[in-house]
Amino acid sequence: MSHSMGESLAGQRPVHWKSERLTRVPFALYADPDVAAREQRRIFRGEVWNYLCLEAEIAEPGRFRTTFVGETPVVVVRDDDGEIYAFENRCAHRGALIALEKSGRADDFQCVYHAWTYNRRGDLVGVAFENGVKGKGGMPSTFCKDAHGPRRLRVARFCGLVFASFSEDVPDIDDYLGDEIAGRIERVLHKPVEVIGRFTQALPNNWKLYVENVKDSYHASLLHLFFTTFELNRLSQKGGVIVDPSGGHHVSYSMIDKGAQDGDSSYRDQALRSDSDRYRLRDPSVLTGFSEYDDGITLQILSVFPGFVLQQIQNCLALRQVLPKGVARTELNWTYLGYVDDTAEQRTVRLKQSNLVGPAGFISMEDGAVGGFVQRGIAGADDHDAIVEMGGEGTGSSEARATETSVRGFWKAYRRLMDE
Amino acid sequence: MIDLLAIAAFNAAYAEAIDSDSLERWPAFFCADCHYRITNLENERDGLPAGIVWADSRAMLEDRIAALREANIYERHRYRHLLGLPLIETADAHCATARTPFVVARIMHTGESGLFATGVYRDRFVNLDGRLLLAERVAVCDSTVTDTLLALPL
């Protein structure tokens with residue numbers, strides 16, 4: 001069956017997958033504006049939970065943040081009842097933004113354009129000059145404020161994370177995450193956290209290229225050469241990739257292999273060491289951490305479909321929110337975390353280790369550019385496919401990390417929602 | 001007395017070291033136990049301590065240059081720093097604090113050239129045996145957004 005432009009206008013699939021298999025991904029998916037528009041409807045405003053912020057960022061009644069669900073602007077705010085509400089950041093009147101600041105405190109929200117007012121739950125409660133001026137003008141008596149307002153989102157809280165959905169049909173957050181992913185979130189967010197910094201990285205590529213990069217455990221030791229160049233012994237490590245049954249969420253992790261470690265005393269005292277003077281860190285304190293999880297896991301990268309990442313790299317904790325900004329641009333919002341009960345020394349360790357991540361991170365700066373290399377590379381290849389076949393065709397969990405199983409998992413979840 | 005001219009000349013040499021790809025000279029503008037951080041105005045306003053680069057020793061700055069040269073992968077590019085006049089807040093013979101605005105353009109190997117960062121250096125200088133050195137430089141970017149990646153220092 002061919003797919004014409006007419007079909008895409010009618011809501012049909014704008015890009016054709018050559019088979020049911022997940023091992024060939026059409027490059028057109030990263031560059032087609034019809035695909036991007038369909039993703040906004042079917043994924044971001046569809047049956048998913050989108051990460052909005054931390055509960056700790058809106059701790060008191062009236063505290064709000066503005067953010068996005070895909071490209072749709074939303075307000076997330078705590079009301080006097082302690083509950084968190086989220087609604088579209090779009091005035092019911094003419095569509096202007098209701099809240100302009102990234103964060104703040106508000107008793108209510110008033111659109112600057114014509115002063116229509118909303119309470120903290122997104123209800124339209126005031127229309128300026130509703131009854132006209134001196135009996136003239138004004139809204140018709142048939143106008144009902146209750147019938148108008150920005151769309152309200154379902155809100156779910158999990159371990160201090162605030163998620164929202166436009167869908168009435170999406171499963172509850174616990175079911176959406178599943179036990180395995182939920183447990184891995186609880187492992188990191190088991191006690192109160194606080195924000196220690198926020199940075200945004202503008203990526204010159206489609207949002208899916210970054211999400212795939214996060215899920216791709218195959219590239220890490222090939223693209224990021226910091227650890228190998230400085231011959232940093234990462235101890236004898238084992239690890240694996242967990243993919244949830246939907247395919248959309250994943251965890252990749254590595255941990256100290258105690259069996260291997262015990263057999264080699266040279267690993268005992270230091271997390272890094274090189275026999276070569278040429279490339280040796282002069283100040284290895286950047287990697288000197290402390291043990292804070294009793295399971296020996298030194299690295300855990302976790303993603304929740306479509307665009308949320310929770311990262312533990314040694315003692316460096318961060319959240320990442322992936323937001324599409326058009327077909328070929330993405331904003332990556334980094335929120336660096338510490339625990340509220342950190343000692344000053346522990347906090348300093350987290351600040352030092354943050355050199356590993358973010359836009360200037362020793363083991364992550366390449367991820368900001370590599371998606372752009374793909375975006376530029378695929379120009380003119382809209383009838384060709386990417387190969388995603390490392391580790392076979394499946395989307396199951398794996399003890400090997402030279403696999404693209406969680407990338408295929410992403411496409412499994414993506415195709416279901418996109419009806420492809 | 002550390003004066004305006006001394007700090008302006010220091011800043012000119014600092015910018016020239018980065019912009020001419022003499023990155024190995026960059027750490028030498030700092031004391032051994034310095035603090036260097038790149039952050040943004042919103043983090044500073046909110047008292048959030050993290051940086052996209054965060055160092056508390058000159059050795060960490062040397063490691064960053066070694067990583068850029070040997071380990072990290074990024075497309076070839078240069079910066080052009082334009083530094084404003086330092087606004088001196090305090091100064092005596094041994095120590096000075098100053099704020100200097102910066103504008104940094106990034107010139108990619110492809111020829112694409114554009115504004116990469118603007119902001120202010122919040123500096124603490126010390127005079128060590130007649131040499132001016134940075135005890136602290138916090139590069140506070142005006143924008144919260146970094147395009148693609150930040151490899152070369154500001």
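## Close-up views of a predicted model

**View 1. A small sheet in chain A.** Thr117(A) has Gly126(A) in S9(A) as its bridge partner. The strands that meet here are S8 (residues 117-118) and S9(A), an antiparallel pair held over two bridges. Zoom out a little and you find an open sheet of three strands in the order S7-S8-S9 (chain A), with antiparallel pairing. Strand S7 (109-110) and strand S9 (124-126) are its edge strands, each pairing on one side only. Keep in mind while you look that this is a predicted model.

**View 2. The seven-stranded sheet of chain A.** Follow the strands across this open sheet and you read S2-S11-S10-S5-S4-S3-S6 (chain A), with antiparallel pairing. Strand S2 (50-54) and strand S6 (103-105) of chain A stand at the edges with a single partner strand each, so one side of each has no neighbour in the sheet. On average, neighbouring strands of this sheet are turned by 30° against each other, direction ignored. As a reminder, strands of a sheet pair through backbone hydrogen bonds, either parallel or antiparallel.

**View 3. Strand S4 and its two partners.** Is strand S4 (residues 72-78) of chain A largely enclosed or left open by the rest of the structure? Six of its seven residues are buried, so S4(A) is largely enclosed. With strand S3 (residues 63-69) of chain A, S4(A) pairs in the antiparallel sense over six bridges; look for Arg65(A), whose bridge partner in S4(A) is Val76(A). The hairpin of S3(A) and S4(A) has two residues between the strands, and Gly70(A) takes a positive phi near 65° there. S4(A) is also joined to S5(A) by five bridges, again running antiparallel, and here Arg78(A) stands opposite Ile84(A) in S5(A). The hairpin of S4(A) and S5(A) has five residues between the strands, with Gly82(A) in the turn at a positive phi of about 85°.

**View 4. Where S5 meets S10.** Strand S5 (residues 84-88) and strand S10 (residues 152-158), both of chain A, make an antiparallel pair over two bridges. To find your way, start at Ala86(A), which stands opposite Leu153(A) in S10(A).

**View 5. A bent helix across the sheet.** Helix H3 (residues 173-188) of chain A lies across S10 and strand S11 (161-165) of chain A, and runs at about 35° to S10(A). How far apart are the end C-alpha atoms of H3(A)? For its 16 residues the distance is only 17 Å, short of the 22 Å that a straight helix would reach at 1.5 Å a residue. Now look at Asp179(A): a kink of about 90° in H3(A) is centred on this residue. The buried residues of H3(A) include Ile173(A), Tyr176(A), Leu177(A), Ile181(A) and Ile185(A).

**View 6. Around Gln237 of chain A.** Gln237(A) belongs to strand S13 (residues 237-243) of chain A. Gln237(A) is partly exposed, with a relative accessible area of 25%. Which residues does Gln237(A) touch, not counting residues up to four places away in sequence? They are Ser254(A), Met255(A), Asp257(A), Thr298(A) and Arg401(A). Although Ser254(A) is 17 residues from Gln237(A) along the chain, their C-alpha atoms are separated by 6.2 Å.

**View 7. The predictor's own scores.** For the complex, the predictor gives an ipTM of 0.97 and a pTM of 0.94. Chain B averages a pLDDT of 97, and 100% of its residues score at least 70.

Methods: Residues are numbered from 1 along each chain as its sequence is written. Chains are lettered from A and ligands numbered from 1 in the order in which they are written. This is a predicted model: local features need pLDDT of at least 70, side-chain atom pairs count only at pLDDT 80 or more; totals for chains, interfaces and linings use all residues. Side-chain values use heavy atoms; hydrogens and water are left out. Two strands pair if DSSP finds at least two bridges between them. Helices (H or I, at least four residues) and strands (E, at least two) are DSSP runs, numbered from the N terminus. Axes are lines fitted to C-alpha atoms, for helices over the stretch in contact, and angles run from 0 to 180 degrees between N-to-C directions. Contact means heavy atoms within 4.5 Å. The expected span of a helix is 1.5 Å times one less than its number of residues. The bend at a residue is the angle between axes fitted to the seven residues ending there and the seven starting there. Buried means under 20% relative accessible area, exposed over 50%, partly exposed in between (1.4 Å probe, protein chains only). pLDDT is the predictor's confidence in each residue, from 0 to 100.
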